[in-house]
Amino acid sequence: MLIDTHVHLNAEQFNEDREQVIERARQNGVSIMINVGFNRETIPETIELAEKYEFIYAVVGWHPTDAIHMIPEDLNWIESLCNHKKVVAVGEIGLDYYWDTSPKDIQQKVFRQQIRLARKVNKPIVIHNRDAHQDVVNILAEENAAEVGGVMHCYSGSWEIAKKCLDMNFYISFGGPVTFKNAKQPKEVLKNVPLDRLLVETDCPYLTPHPYRGKRNETSYVKYVAEAAAELKGLSFDEIARITTNNAKKCFQI
């Protein structure tokens, strides 16, 4: 059995066959899915899915690309939702310097606010980091994020940055890109990540793994990420499934 630690099942790409996608995942050994809501539109949908399905849990937060739209009431709303029995983390939060939709200073302010919120409610955090590795690490350290730890979602950085994240009580999660033939850095980082800090995810409907690259991703495809992890670690698929499942349960307290 596997836990897909990062999905967006509420995405419009699943509007035509959401229930079938979820059922396919269950038939392919995905026992639990962690669904992520990250703005005013997706957070209510995420809560709704978690309430409908016993095996779906929720993560709620404010995405860095939407940081410019966040108001104090939104932060209060996220805090109140952290009392929900199915909400297991604050996220995805962080920095995104690739998409030029929110100024860097506003992204950083919103990121800091949510780390403080997570510490207040004692929830782990799920980190989105695109082209902002050093700033993410600096802010995590300055805001004492190690107090709650969390997940470096779909990790794309160097081993040097990963080591700093591990030192701050974070798990390193890998998605579809680690299955790509030319993905040298993710493969090398995965080889080095300690087994007790390793997670797998799809980030569906995005970042589809080989052999379905270029098509819509879905949570049943997390098995391809786990297969790649098993090969890189020199372990069996069953061992990786057991290890990453136990890690996810520990991280999210489920």
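**Exercise 1. Trp99 and its ring partner**

Task: Work out how exposed Trp99 is in this predicted model, and find how its ring sits against that of Tyr98.

Solution:
- Start with accessibility: Trp99 has a relative accessible area of 48%. Buried stops under 20% and exposed begins over 50%, so a value in between is called partly exposed. Trp99 is therefore partly exposed.
- Tyr98 gets the label partly exposed too, with its relative accessible area at 44%.
- Now the geometry. To describe a pair of aromatic rings, you take the distance of the centres and the angle of the planes.
- The ring centres of Tyr98 and Trp99 are 4.9 Å apart, and the planes meet at 90°. Centres within 6.5 Å make a pair, and planes over 60 degrees apart make it edge-to-face. That's why Tyr98 and Trp99 are an edge-to-face pair.

**Exercise 2. The tyrosines further along**

Task: Classify the pair Tyr212 and Tyr221, then say which residues make up their aromatic cluster.

Solution:
- For Tyr212 and Tyr221, the centres lie 4.4 Å apart with the planes at 5°. Planes under 30 degrees apart count as stacked, so stacked is the label for this pair.
- Check the surroundings: Tyr221 is buried at 14% relative accessible area, whereas Tyr212 is partly exposed at 28%.
- Bring in Tyr224, and you have the cluster: Tyr212, Tyr221 and Tyr224 belong to one aromatic cluster.
- By the ring-pair rule, the count comes to five aromatic pairs.

**Exercise 3. Charges over rings**

Task: Which rings have the charged ends of Lys86 and Arg213 sitting over them?

Solution:
- Take Lys86: its charged end sits over the ring of Tyr57, at 4.9 Å from the ring centre.
- Take Arg213: here the ring belongs to Phe180, and the charged end is 3.6 Å from the centre.

**Exercise 4. The sheet, strand by strand**

Task: Set out the order of the strands and their pairing, then see what strand 3 looks like inside the sheet.

Solution:
- Begin with the inventory: nine helices and eight strands make up the chain's secondary structure elements.
- Eight strands build an open sheet with parallel pairing, ordered 1-2-3-4-5-6-7-8.
- Its edges are strand 1 (2-7) and strand 8 (198-200), each of which pairs on one side only.
- On average, neighbouring strands of this sheet are turned by 30° against each other, direction ignored.
- Zoom in on strand 2 (residues 30-37) and strand 3 (residues 56-60): five bridges join them in the parallel sense. Across that pairing, Ile34 stands opposite Tyr57 in strand 3.
- Side chains in a regular strand alternate between the two faces of the sheet. Strand 3 shows Ile56, Ala58 and Val60 pointing one way, with Tyr57 and Val59 pointing the other.
- Five of the five residues of strand 3 are buried, so this strand is largely enclosed by the rest of the structure.
- One helix to add: helix 6 (residues 159-167) lies across strand 6 (150-152) and strand 7 (170-174), running at about 135° to strand 7.

**Exercise 5. Placing Met70**

Task: Is Met70 buried or exposed, and what is it in contact with?

Solution:
- Locate the residue: you'll find Met70 in the loop between strand 3 and helix 3 (72-81).
- Its relative accessibility is 13%, so Met70 counts as buried.
- Leave aside neighbours within four places in sequence, and the contacts of Met70 are Arg40, Trp62, Leu75, Ile78, Val110, Gln113 and Gln114.
- As a distance check, the C-alpha atoms of Met70 and Gln107 are separated by 9.9 Å, with their positions 37 residues apart along the chain.

**Exercise 6. The whole chain**

Task: Does the radius of gyration agree or disagree with a compact globule?

Solution:
- For 254 residues, a compact globule would come out near 18 Å; the chain has 17 Å, so the value agrees.
- The C-alpha trace spans about 45 × 40 × 30 Å along its principal axes.
- Of the 254 residues, 59% count as buried.
- Finally, look at contacts between residues at least 6 apart in sequence: 71% of them join residues at least 24 apart.

Terms used: Residues are numbered from 1 along each chain as its sequence is written. This is a predicted model: local features need pLDDT of at least 70, side-chain atom pairs count only at pLDDT 80 or more; totals for chains, interfaces and linings use all residues. Side-chain values use heavy atoms; hydrogens and water are left out. Rings of Phe, Tyr and Trp (its six-membered ring) pair if their centres lie within 6.5 Å; planes under 30 degrees apart count as stacked, over 60 as edge-to-face and the rest as tilted. Buried means under 20% relative accessible area, exposed over 50%, partly exposed in between (1.4 Å probe, protein chains only). A charge sits over a ring if NZ of Lys or CZ of Arg is within 6 Å of the ring centre and within 35 degrees of the ring normal. Two strands pair if DSSP finds at least two bridges between them. Helices (H or I, at least four residues) and strands (E, at least two) are DSSP runs, numbered from the N terminus. Axes are lines fitted to C-alpha atoms, for helices over the stretch in contact, and angles run from 0 to 180 degrees between N-to-C directions. Contact means heavy atoms within 4.5 Å. The radius of gyration is taken over C-alpha atoms; the globule rule is 2.2 Å times the number of residues to the power 0.38.
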